[in-house]
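Hi everyone, thanks for making time for this. I'd like to walk you through one structure, so please have the sequence and the viewer open.

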Amino acid sequence: MGVGGQRRGIQSWWLALRFSVMLSCVERLSAQIKYSVPEEVKLGSVVGNVAKDLGLDISSLEERRFRIVSGSKDAQFEVNQNNGVLHVHKSIDREELCENISPCLLNLKMVAENPMEIHYVGIEIIDVNDNSPSFKEEEKILDISESTPTGRRFQLPTAHDPDVVINTVRVYKLSQNEYFSIQIRERGEDKIPFLVLQKSLDREKDSEHKLVLTAIDGGNPPRSGTLNVTVIVLDSNDNNPTFSQEVYSVTIVENVDADTSVTTVQATDADDGANGEIEYLFGGQLDRKIYDMFSLDKDTGEIRVKGEIDFEKVDVFKLDVHATDKGQPPMSTDCRVIIKVVDINDNKPQIEVTSLSNMVSEGSKPGTVVSLISITDQDAGLNGKVICSLSENVPFDLKPSFQENMYSLILKQHLDRESVSHYDITITATDCGQPPLSTSKTLSIDVSDVNDNAPKFVQNPIELYLVENNVPGNPIFSVTASDKDLNENAALTYHIVREEGSQLKTAAFLNINSDNGQISALKSFDFETVKTFHFQVVATDSGTPSLSSNVTVNVFILDQNDNAPVILYPVSSNGSAEGVEEIPRNVNAGHLVTKVRAYDADIGYNGWLLFSLQEVTEHSLLTLDRYTGQIRTLRSFTETDEAEHKLVILVKDNGNVSLSATATVIVKVVEPKEAFAASDVKSATKDDEENHVTFYLMITLGSVSALFLISIIVLIAMQCSKSTDYTSKYLQETNYDGTLCHSIQYRSGDKRYMLVGPRMSIGSTIVPGSHANTLVLPDRRRPSGEKIFSGD
C-alpha cells in the first residue's frame, strides 16, 4: 500500500469515530413522544405534529431529511417533511398487528441529519369493534334420552371474537323454547355456555328440537354470531301399541278363493327401535274353527282366507287380534275384527220369448209390436234387477211394460226390404249385480215384400235400326225391364200401346211376347215406304195394386238394294228400252248424240247408278260417260263409216248385290239436209215425249226428296232431345237427269252416315264440320242403344 492509501484509511477511521460520538450525544438528548389512533381510520388521517412536539425547526426538516427509519410494518405511517405532520399511510388492522395483545403499541424511530438526531415516537392502536363473534362449527348435535331428569346440563361450544377488552364476547342467548335454557360459567377470562334441561322430554311428541345459540360482544353497536343446536331425543319404551281402529268391519263374498286378503289391521307404537316393533296374533279365546277359516300375518297384520267361506253356514265372523311391542317389558293392546259374508250374484238372467212374429211386412207402421219378451233372474235385490238392451243399428226398439222385466219389441221406423231383407236382432239382458251377469238371445226377422217399386227400363228411349225386307213373324228386338220387388210383385208382363195416329198405325203390325218382351214384326217393312216410326212398350208387374212404366222405341228402317234401275229414256216398249237417234255426218268430235236417263228408288250406294257399254258397233267412234249416261262422238265421221251403229247400254246400281237394266240406242248417220228435215219432224214428237218423261221424273224425284227430308227432320228432332255430342249427317242431293248421284248411307260398323256420289270411292266420306253437303246435328246415340236388325 502506498502513502496515499494509508492516508485515506486514517481519514475513514476518523470520520467513523466522529459519527459514533455524535450519535451517542444525540441519543442522550432525544425525547419519547406517545400518540394514540383507532384502527380502520381513513388513509391520510393526522396522528400528530412530530416536529412541533419535538421542538424541531419545521423549515429545516427537508434539508435534514427528517424521516421514519424503523418501527412501522409496511410503512403504516409517514411523516411530511414540509410541516412535520405524522399521518396514516396504510390501512391499520389492530388484529393483524397485535392479535390478542392489549394494549397494542407501535414504536417508530425518526431521524434528522445535520446534525444527526434520533427520536422515538410511540403509537397506541385503539381497538374498534369490527369483528363479530363466530363459532368453529355451524351446528352442534346433542343426543338426550327422553328419560333424562330436568336440571341436567350440557356444555356448548364457545364463540371466538378477535376484538379485545369490551369488544370481545360478553353474553350468550338461547332461542325461545319450553324445554331448555342457557347458563354461563366463567373460567378465567372465558365465558362457557351450558344447555340446561328445564322440562322432561317426550320423543313421541317431539323427536328433536331445533335451537339457536347467539353470542354477543360488548361493542357499540354490538355484534353477534349464531350456532344451530339440534337436540335429538332418544326413545324409551313408554308407549303402548295403538290400533288405527278399535273395530274393523269388512265384508267378503261367499266362495271367495283361498289366500284372498280380507283386511289388514294396523297398530302403531310411538316408541322407536325395538320399542316400536309390533307383532300380531289372534286372541286366545277364539273358537278353534276360526283358525281353520283365517290366517294372520304376525308382521304385517294381514288377515287372509284359509278355508271355504259359505254364506249359508256362517254369515258373520268375529275375531280378536292382539298387538304387542318388543320392548322390555313389552306392552300390548287388542282390537275386534268383524267379517260379514255377502251372497254373490251367481245366477244369470233368463230370456223368454212369449210370442214372436218372424215375418214383418215392409209396409208396417212404426210402433207395430213384433214380439213380447219376458226376463227372469233367480237372484234378489240388485242381483235380480235386469236391464235389457238391443243390438245397435236396427229399426226396432224395446218398450218396457208396466210389469217389471217385461218388454215389447216394436218397430221403430219404416222398413225397406229392397235395402235390408233380414235382421238378426240380439237382445241382451244384464242384471245389476257386482259383477253383473248377462244373457243374450238372437231373434231372426224377415221383411216381407210390398209392391212399392215400379218396373224400370235401363234405357229410355230405345233406338232400333231395322233393315228393310225383314221376314214377317221373326223377332226383331227384345225389351227388358227390372223390378226390385219379389215374387208376383216382380213378375212382369209386356204390351205395346196401340192408339190412333199415323205413327202408331205401323205399330199395329208389331207383336210382343208378354212374358219376355220379345217383339216380332207381322209384315215386312219397305224403306221406300216407311223410313222411321216409334211405339211404346209398357211393363206391368203382378202386384196388388200393380205398377207399370213404359219405354219409347224409335225404329229406323235401313235401306236394302231391292229396286232395280228404271230406264226413263229411251222409252221402254214391249218390255225393252230402245231408241233411234239420227245425227248429221259432219258433226265434230265430242258431239252429244243423246243421253240415257234412269233412276233407282233406293238411296245411298243402292241408288247410285253407273252406265257402261255392253255392245257397240264401233268403239273408236262413240263413247259413254259412266256417271251421266251421255253418248258422245269420239271423232268425226268418215265416208267409210257405217251409216247405222247399235249401242247396248247397261245401267247398274252399287248395292252389295247390284241390280241392273239395259237400254238399246241405234245411232243413224244421215246427210245434213236430211238431218235437218228429220229433226223438225222429230223435235215435235220428242218434245212431247220428253215432256211426259220430265213430268214422271219430277214426280219421282219429288217423292223421294220429300220422304228423305221427312226422315232427316225426324232424325234432327230425335237427336236434339238427346245429348249434345256432335256427328255429321249428310243431306241428299238429287242429280239432274233422274239419277240420285249423291245420297246418304248409314254404316252401322262405323256408326256414322256417309255421303256417296259420282266420282267418289265407296269408302269416301266428308269430314265432319266441312261445308260440303254437311249438316251438323247433336248425336245422342249410345253404343248400347243402337240396334240394327236385318229381319233375315
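Let's go straight to the second largest pocket, which holds about 460 Å³ of space. Please keep in mind that this is a predicted model. The lining of this pocket has 17 residues, and the closest to its centre are D161, T168, V169, E189 and D190. What is the lining made of, in terms of nonpolar, polar and charged residues? It divides into six nonpolar, five polar and six charged residues. If you want to find the pocket by secondary structure, look for β10 and β12, the latter covering 190-197: these are the elements that give two or more residues to the lining.

Now, β10 takes us to a sheet. This is an open sheet of four strands, with mixed pairing, and the order runs β8-β14-β13-β10. Why do β8 and β10 each have one side without a neighbour in the sheet? They stand at the edges, β8 at 139-145 and β10 at 169-174, and each has a single partner strand, so one side of each is left open in that sense. From one strand to the next, the twist averages 25°.

Within that sheet, have a look at β13, residues 208-217, and β14, residues 224-234. These two strands pair in the antiparallel sense, over nine bridges. If you would like one bridge to click on, take H209, whose bridge partner in β14 is V231.

Next, the backbone, for those of you who like to check torsions. There is a cis peptide bond from N114 to P115, with omega near -5°. P115 is found in the loop between β6 (104-112) and β7 (117-126). Another cis bond runs from N460 to P461, with omega near 0°. The loop that holds P461 lies between β32 (456-457) and β33 (462-467).

Which residues with positive phi are worth a look in the loop between β16 and β17? N255 has phi near 60°, a positive value in a residue other than glycine, and its place is in the loop between β16 (247-253) and β17 (261-264). With 44% relative accessibility, N255 counts as partly exposed. D259 is not a glycine either, and has a positive phi of about 70°. D259 also sits in the loop between β16 and β17.

Last stop: the aromatic rings. A pair of rings is described by the distance of the centres and the angle of the planes. The count here comes to nine aromatic pairs. One of them is F243 with Y280, a tilted pair at 6.3 Å centre to centre and 50° between the planes. F243 belongs to strand β15 (residues 242-243) and Y280 to strand β19 (residues 278-282), so the pair ties together parts that are 37 residues apart in sequence. Are these two residues buried or exposed? Both F243 and Y280 are buried.

Then there is F282 with Y291. The ring centres of F282 and Y291 are 5.6 Å apart and the planes stand at 85°, so this pair is edge-to-face. F282 counts as buried, at 10% relative accessibility, while Y291, at 21%, counts as partly exposed. The cut-off for buried is under 20%.

To finish, select F525, F533 and F535 together: ring pairs link them into a cluster. Thanks for listening, and I'm happy to take questions.

Methods. Residues are numbered from 1 along each chain as its sequence is written. This is a predicted model: local features need pLDDT of at least 70, side-chain atom pairs count only at pLDDT 80 or more; totals for chains, interfaces and linings use all residues. Side-chain values use heavy atoms; hydrogens and water are left out. Two strands pair if DSSP finds at least two bridges between them. Axes are lines fitted to C-alpha atoms, for helices over the stretch in contact, and angles run from 0 to 180 degrees between N-to-C directions. Buried means under 20% relative accessible area, exposed over 50%, partly exposed in between (1.4 Å probe, protein chains only). On a 1 Å grid over the protein atoms alone, a cavity is a set of points where a 1.4 Å probe fits but cannot get out, and a pocket is an open set with protein on both sides within 12 Å along at least five of seven lines; lining residues have an atom within 4 Å of a point. Grid points are joined across faces, edges and corners, and a volume is the space filled by probe spheres set on the points. Ala, Val, Leu, Ile, Met, Phe, Trp, Tyr, Cys and Pro count as nonpolar, Asp, Glu, Lys and Arg as charged, and the others, Gly among them, as polar. Rings of Phe, Tyr and Trp (its six-membered ring) pair if their centres lie within 6.5 Å; planes under 30 degrees apart count as stacked, over 60 as edge-to-face and the rest as tilted.
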